[in-house]
Amino acid sequence: MILEDLLIFGSVMIVAWFLFIYNWPRMLLYVYKRAILVKGFGEDPIPINTLYLEPQKLFAEPITSQSASSSNLATVGANHDTLLSGGWLDLRKGPQVLHVPDMKGRYYSVQFTNPSNNTVFAYVGKRATGTEAGDYLITGPNWKGQVPSAMKQISSPKNSVLVLGRVLVENNSDLSTAHHLAEQIRLTPLNQKGSI
Amino acid sequence: MNSKTFSILTALIAVVCGYFIINSFFLNPTSRNVRNDVLQGFLIGFGLAFVTAQIYARIKITKINGWTTMFGCGEPDNGFLFRAACAQVFLGPINVPKEAMYWKRDVDGAGHLLSGKHDYVMHFPAGQLPPNNAFWSLTMGDSRNHFVPNSLNRYNVSDRSGLVPNADGSVDIYIQNAAPTGHESNWLPASTGKFILWLRVYMPGQTILNGEYKVPPVVKVS
């Protein structure tokens, strides 16, 4: 009897062991998903397919302007170099268009993370694409269609995407300039944009 | 939790899981049922997954002068075990190395936890500030990784914070709770209790990516 129990116990243990290791990054980023879509970083949760941008006040006074009800992910372990923006994409209903303004040489990056394994499948930013203005079409794995000629395609392996934006702040007096640029990093659905 | 607590926790879970398996199936096999087999298998599997990921992370960690980092995280073709190991070290959506490298530390050169009860200096020899094509910064976090309140509202020192070099071109950063007289420009305000340090380098230079660049140690001076 004990051998049978050992076999059942052992098989469950090995399967659980594998599933937990395999899904560890997904469980970690689930915290971010909840922070974005359920808790939010200020008054309200962040709707799906929108980019939240850290307010100037939160960057300037990260200790006193943290709201108690919201997620503390914006200030725990955060950097004090860049304005942070973030959002959660659901590409099942169609692609999203990321617009970035001319950053005039300033460091910025928009990181596209696959939330099922915490790896980065694409960047838009100074290193990856340069600092000129541009439009990027973010498509899900099952999307078939024509990429508008003025856009570059970013193919996501999953329909869920964690997007993180960073715009460098040179110093306190540069904060409003940096924030103004970061505000112009925008997401819109393709059909709205394509009809222009 | 600091790195020492994690080591102890990992060892503890490993021992408990190992003891449980040996005891309940080999030393004192008592009457069992399928429900217990499944439930306990699930829990022990979870415990051993944590232990495996922690141990694998420790194997893959790169230590330089008390700073820890991991090269190669965030890349789409990483294997599942390595991805889990990265998630132990960096608790968030990580960058790939060529976009940004992060180093973390919570101990001084002698292996004692960093604390605001002491003063520390980080000395960059001339020309040895972190090579980059974007920016670098050294950021203070308290024991819970929050920013530390201070009179200057300064949460990091960086390539943009007006660090004043010494006569020989080297740069000293004073990491302490009280402002260092005459060196305020190079002061990174520390909490009164335990703290951690993050070194970030965005668009790191080639010598960082190939491992040639050595991050300087943080030395306790009092």
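Guide: Two residues are in contact here if their C-beta atoms, placed from the backbone, lie within 7 Å. One more thing before you fire away: this is a predicted model.

Visitor: Fair enough. Which residues in α3(B) meet α2(B)?

Guide: On the α2(B) side, the contact uses B:Ala53, B:Gln54, B:Tyr56, B:Ala57 and B:Lys60. Those meet a set in α3(B), namely B:Leu81, B:Phe82, B:Ala84, B:Ala85, B:Gln88 and B:Val89.

Visitor: How do the residues of the contact of α2(B) with α3(B) divide by class?

Guide: Cys, Ala, Val and the like count as nonpolar, while Lys counts as charged and Gln as polar. On that scheme the contact of α2(B) with α3(B) divides into 8 nonpolar, 2 polar and 1 charged.

Visitor: And the geometry: is α2(B) roughly parallel or roughly perpendicular to α3(B)?

Guide: The two axes come within 8 Å and cross at roughly 85°. Angles of 65 to 115 degrees count as roughly perpendicular. That makes the arrangement of α2(B) and α3(B) roughly perpendicular.

Visitor: Is α3(B) mostly covered, or mostly not, and how many of its residues are buried?

Guide: A residue is buried if 20 or more other C-beta atoms lie within 10 Å of its own. In α3(B) the ones that pass are B:Arg83, B:Ala84, B:Ala85, B:Cys86, B:Ala87, B:Gln88 and B:Val89. The helix is mostly covered, with a buried count of 7 of its 10 residues.

Visitor: Which elements do the buried residues of α3(B) pack against?

Guide: They have partners in both chains. From chain B comes α2, and from chain A come α1 and β5 (119-125).

Visitor: Let's take that chain A helix. Are α1(A) and α3(B) oblique or perpendicular to each other?

Guide: Helix α1 of chain A covers residues 2-39, and its axis comes within 7 Å of that of α3(B), crossing at roughly 40°. That angle is neither under 35 degrees nor in the 65 to 115 window. The two helices are therefore oblique.

Visitor: Which residues of α3(B) make the contact with α1(A)?

Guide: The crossing of α1(A) and α3(B) is left-handed. From α1(A), the contact takes A:Ile21, A:Tyr22, A:Trp24, A:Pro25 and A:Leu28. Opposite them in α3(B) sit B:Phe80, B:Leu81, B:Arg83, B:Ala84 and B:Ala87.

Visitor: How do the residues of the contact of α1(A) with α3(B) divide?

Guide: The contact list includes B:Arg83, and Arg is a charged type. By class, the contact of α1(A) with α3(B) has 9 nonpolar, no polar and 1 charged.

Visitor: Zooming out, which element gives the largest share of the side of chain B that touches chain A?

Guide: The contact takes 49 residues from chain B and 45 residues from chain A. On the chain B side, α2, α3 (80-89), β5 (132-142), β6 (156-158) and β9 (195-204) give two or more residues. The largest share is 13 residues, and it comes from α2(B).

Visitor: Back inside chain B, is the crossing of α1(B) and α2(B) left-handed or right-handed?

Guide: Helix α1 (residues 3-27) and helix α2 (residues 34-60) of chain B have axes that come within 9 Å and cross at roughly 140°. The two are therefore oblique to each other. As for the sense of the α1(B) and α2(B) crossing, it is left-handed.

Visitor: How many nonpolar residues has the contact of α1(B) with α2(B)?

Guide: From α1(B), residues including B:Phe6, B:Ile13 and B:Phe20 meet residues of α2(B), among them B:Ile44, B:Leu48 and B:Val51. The contact has 3 polar residues and no charged ones, and the nonpolar count is 10.

Visitor: What separates the centres of domain 1 and domain 2 of chain B?

Guide: Chain B is divided into domain 1 (3-60) and domain 2 (96-220). Taken over C-alpha atoms, their centres are separated by 38 Å.

Visitor: Last one: does A:Asn49 count as buried or partly exposed?

Guide: This Asn is in the loop between α1 and β1 (52-53) of chain A, and its phi is positive, near 60°. Buried needs 20 or more neighbours. With 19 C-beta neighbours inside 10 Å, A:Asn49 counts as partly exposed.

Definitions and conventions: Residues are numbered from 1 along each chain as its sequence is written. Chains are lettered from A and ligands numbered from 1 in the order in which they are written. This is a predicted model: local features need pLDDT of at least 70, side-chain atom pairs count only at pLDDT 80 or more; totals for chains, interfaces and linings use all residues. Axes are lines fitted to C-alpha atoms, for helices over the stretch in contact, and angles run from 0 to 180 degrees between N-to-C directions. Helices (H or I, at least four residues) and strands (E, at least two) are DSSP runs, numbered from the N terminus. Angles under 35 degrees count as roughly parallel, over 145 as roughly antiparallel, 65 to 115 as roughly perpendicular and the rest as oblique. A crossing is left-handed if the near helix is turned anticlockwise from the far one by less than a right angle, and right-handed if clockwise. Domain bounds come from an automatic or database domain assignment. A residue is buried if 20 or more other C-beta atoms lie within 10 Å of its own, exposed if 12 or fewer, and partly exposed in between; C-beta atoms are placed from the backbone.
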